[in-house]
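I opened the notebook to record what I looked up in one structure. I kept each entry short.

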Amino acid sequence: MALLLLRNRKASALGIPRILRDNVEPFGLNSEKIIGAFASVDVIIRSYCSGSGMKKFDFTDLTRPHTWYPLARKKVRKVILHVGPTNSGKTHQALSRLESSSSGIYCGPLRLLAWEVAKRLNKANVSCDLITGQEREEVDGAKHRAVTVEMADVVSDYDCAMLGCKTRGFSFTRALLGICANELHLCGDPAAVPLIQQILQVTGDDVKVQSYERLSPLVPLNVPLGSFSNIQTGDCIVTFSRHAIYRLKATRFNDASSEFDVLVASDAIGMGLNLNISRIIFSTMKKFDGVELRDLTVPEVKQIAGRAGRYGSKFPVGEVTCLDSEDLPLLHKSLLEPSPMLEEHFLENAKLSENYFFANCEEVLKVATVIDQLPLRLHEKYLFCISPVDMNDDISSQGLTQFATNYSKKGIVQLREIFTPGTLQVPKTQAALRELESIHKVLDLYVWLSFRLEESFPDRELAASQKAICSMLIEEFLERLGWQKPRVKKVTPRPKLNSAVVSRC
Ligand SMILES: Nc1ncnc2c1ncn2[C@@H]1O[C@H](COP(=O)(O)OP(=O)(O)OP(=O)(O)O)[C@@H](O)[C@H]1O
Ligand SMILES: [Mg+2]
């Protein structure tokens, strides 16, 4: 939820962005203490400015986030928690309910899942829009929407809403508290139940738990894969970096003479995807989480392993193992252990009221310090702050600065001002590859902004087409290294596996 930063040391080091200091002080904010509550600023401002009869909002009271969503609070929502292990039919059950409702919204953690749901509903003649950070496919007359969770709509009224989210990010909490629906279905691990029940105690919602059992078996193997020569059809190799995916794909599985139908995927597949996978193979049990290289957590291992042998797929029994034998003990132990209760971590971190914790918003603050001096309104600054810019990437952060500066000066940002179409080339070196990936990020950012400031970022089509060219050129570079383009480009709920790459979208 909200990026609540009360006396956060890291944040103070960056200084208090003027964005919030200047704009919220009239509401009585003590800027020495409070740096931001970005996540819900949009809702608060909209409510405050709409003249909807809402009283002056007290920005100093950050202990009651459920009150930031007045629309949702008008209802006593029926909240159903669908909990159980992976592959137990939680999503299936909740989606059936969504499908039969007069209006609804699905909020998922991954673009592919939103896409899968939109496809399923439209196929069942329930018109459904697909809305993610970077795309909007609207269907005439649709009363249903499938969105990625950060796009959760907290200002409309729905009959049924579904949250299929595996993380505790602020988007999830915002959706949990803010979605205005008669019925709210949440799918996840039983470990989340106490925390969600606790959070929803104050909303007055009616919460029920529905438990599930695994629908088909998952067998942890005692023998490691050992060598890639032991790969079989239906295997899925899981790795944790994009470059490792490319490398594995390029060097191992795409030999022209190879007949293997193998998926190489990142841990993003763990978020509920249904694929035809017989055996999950962890190429490593360690992951770099942005700060350190650490062992995979119990929920991560279970979620990823749970992709094997999905019910109704062509593999009725799933298997899971590791590439190296030394990783097997951690795999076996993790699969046997219950997931740690989310509240433990939560309480450790909470510094405000006992149900809330400080989300990490260093990235947002980095943007805030860059655009702080620009003559933009609060809402516009906020928008740039939450945009999908990679501030650790020089080209991406320069792109954002340029977009924000040009927008503040002229109100319109032509893509050609910072980018000349027709100049992209197949990279010849790893450095050129990285540069092209950075350009891809800048174009992606332009598309994202164009959906929110439509008139000011008019070149969406050009940006999208140049972005597609970037992807093609990256693929061409990789093909020259021996990588082959997947024959199946989109991952459908049950595709024939053809060495597709799935990574976080
Ligand atoms: N009652 C059912 N009838 C037919 N198919 C079902 C049924 N229940 C589940 N399935 C199918 O079984 C597979 C797994 O179900 P689902 O995706 O709902 O599991 P899940 O519990 O949400 O798993 P995860 O925790 O990994 O997200 C899906 O392909 C789903 O369509
Ligand atoms: Mg699911």
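The entries below go through a sheet, the helices across it, the cores, one helix and one cysteine.

Entry 1, the model. I noted before anything else that this is a predicted model.

Entry 2, the sheet. I looked up how the strands are arranged. Eight strands make an open sheet with mixed pairing, and their order is 4-3-5-2-6-7-1-8. I then asked which strands stand at the edges. They are strand 4 (135-137) and strand 8 (206-211); each has a single partner strand, so one side of each has no neighbour in the sheet. On average, neighbouring strands here are turned by 15 degrees against each other, direction ignored.

Entry 3, one pair of strands. I followed strand 8 to strand 1 (residues 78-83), and the two pair in the parallel sense over six bridges. In strand 1 I found His82, which stands opposite Gln210 in strand 8.

Entry 4, helices across the sheet. I looked for what lies over the strands. Helix 8 (residues 193-201) lies across strand 1, strand 7 (180-188) and strand 8, and runs at about 170 degrees to strand 1. Helix 6 lies across strand 2 (104-108), strand 3 (128-132), strand 4 and strand 5 (144-148), and runs at about 170 degrees to strand 3.

Entry 5, the cores. I looked up the largest nonpolar core and found 43 residues in it. Tyr106, Cys236, Ile269, Ile277, Ile280, Phe282 and Leu331 have the most contacts inside it. Helix 6 (residues 111-123) gives the most to this core, namely seven residues. Another core lies apart from it and has 42 residues, including Cys385 and Leu445.

Entry 6, helix 15. I checked the length of helix 15 (residues 394-410) against its residue count. At 1.5 Å a residue, its 17 residues should span 24 Å, and the end C-alpha atoms are 24 Å apart, so the two agree. At the start of this helix, a side-chain oxygen of Asp393 comes to within 2.9 Å of the backbone nitrogen of Ile395. Just after the helix, Gly411 has a positive phi of about 80 degrees. I listed buried residues of helix 15, among them Leu400, Phe403 and Tyr407. Their cover includes helix 13, helix 14 (378-385) and helix 16 (430-452).

Entry 7, a cysteine. I found Cys361 in the loop between helix 12 (342-349) and helix 13 (362-371). Is Cys361 buried or exposed? Its relative accessibility is 3%, so Cys361 counts as buried, the cut-off being under 20%. Cys361 and Ile386 are 25 residues apart in sequence, and 9.8 Å apart in space from C-alpha to C-alpha.

Notes: Residues numbered from 1 in each chain as written. Chains lettered and ligands numbered in written order. Predicted model: local features only at pLDDT ≥ 70, side-chain atom pairs only at ≥ 80, totals over all residues. Heavy atoms only, no water. Buried < 20%, exposed > 50% of the residue type's maximum accessible area, 1.4 Å probe, protein only. Core = buried A, V, L, I, M, F, W, Y, C linked by side-chain atoms within 4.5 Å. Pairing = 2+ DSSP bridges. Axes fitted to C-alpha atoms, helices over the stretch in contact; angles between N-to-C directions. Contact = heavy atoms within 4.5 Å. Expected span 1.5 Å × (residues − 1). Polar contact = N/O pair within 3.5 Å; in protein donor to acceptor, adjacent residues only side chain to side chain.
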